[in-house]
Amino acid sequence: MSEMEKPKSQMKIVGINLLVMVVYTILCRVGYKTDGFIIVACLIVGHIICCFIACVVSAFIAQYRHLAGIWLLSALAVLLIGFSTCMAAFTIKI
C-alpha cells in the first residue's frame, strides 16, 4: 500500500463511526418523538467509551498500534458531532 492510500484507509474508521452515529440518531429521532434525546445521549456515551477502549487496546497491541490515534480521533469526533447533532435534532420540531 502506498503512503497516499494509508491515511484514507485509516480515516475509514472515523467515517464508519460517524455513519453508525448518524444511523442510531435518525432511528431514535423517528422512533421516539419525546424521550429519544436521553436514549441518543446514552448511545453516544456508550459509543465514545467503545472507541476509547478500542484506542487503549490498539495502543497495547503492536500490530494495531498505528490505529490508536485514529480511534481516539473517532471518539472525539463522535463526542463533538454527536452531542451537537443530538441537541439540534431534538430541539427542532418536525
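The buried residues of helix 2 are Gly 36, Val 40, Ala 41, Ile 44, His 47, Ile 48, Cys 51, Ala 54, Cys 55 and Ser 58. The model in which they occur is predicted, and helix 2 is the part of the protein chain with the highest mean confidence, at a pLDDT of 91. Helix 2 comprises 25 residues. From the first C-alpha to the last, helix 2 spans 36 Å, close to the 36 Å expected at 1.5 Å a residue.

Among the buried positions, His 47 lies in helix 2 and has a relative accessibility of 10%. This value is under the 20% limit for burial, and His 47 is therefore counted as buried. Outside its neighbours within four places in sequence, His 47 makes contact with Asn 17, Val 20, Met 21, Tyr 24 and Val 78. Of these partners, Asn 17, Val 20, Met 21 and Tyr 24 fall within the residue range of helix 1, which covers residues 5-31.

Ser 58, also in helix 2, is buried as well, with a relative accessible area of 6%. The side chain of Ser 58 reaches the backbone oxygen of Cys 55 at a distance of 3.1 Å. When neighbours within four places in sequence are set aside, the contacts of Ser 58 are with Tyr 64, Arg 65, Leu 67, Ala 68 and Trp 71. Cys 55, whose backbone oxygen is the partner in the 3.1 Å approach, is itself buried at 11% relative accessibility.

Phe 52 provides a case in helix 2, residues 36-60, that is not among the buried set. Its relative accessible area is 46%. Because buried means under 20% and exposed over 50%, Phe 52 is classed as partly exposed. With neighbours within four places in sequence left aside, Phe 52 is in contact with Leu 72 and Ala 75. The C-alpha atoms of Phe 52 and Leu 73 are separated by 9.3 Å in space, and the two residues by 21 positions in sequence.

The cysteines were examined for disulfides, and the count comes to zero. The cysteine sulfur closest to that of Cys 50 belongs to Cys 51 and is 7.1 Å away. A disulfide requires sulfur atoms within 2.5 Å, so the 7.1 Å separation is too far for a bond. Cys 55 likewise takes part in no disulfide, its nearest cysteine sulfur, again that of Cys 51, being 9.3 Å away.

At the level of the whole chain, the secondary structure consists of three helices and zero strands, in the order α-α-α along the sequence. The protein chain has 94 residues, of which 32% count as buried. Its accessible surface is about 6300 Å², and carbon and sulfur atoms account for 78% of that area. Of the contacts between residues at least 6 apart in sequence, 68% join residues at least 24 apart.

Confidence over the protein chain averages a pLDDT of 84, and 86% of the residues score at least 70. In the comparison that places helix 2 highest, helix 1 (residues 5-31) is lowest, with a mean of 84.

Conventions. Residues numbered from 1 in each chain as written. Predicted model: local features only at pLDDT ≥ 70, side-chain atom pairs only at ≥ 80, totals over all residues. Heavy atoms only, no water. Helix = DSSP H or I, 4+ residues; strand = E, 2+ residues; numbered from the N terminus. Buried < 20%, exposed > 50% of the residue type's maximum accessible area, 1.4 Å probe, protein only. Contact = heavy atoms within 4.5 Å. Polar contact = N/O pair within 3.5 Å; in protein donor to acceptor, adjacent residues only side chain to side chain. pLDDT = per-residue confidence, 0-100. Expected span 1.5 Å × (residues − 1). Areas by Shrake-Rupley, 256 points an atom, 1.4 Å probe, with all protein chains shown as cover.
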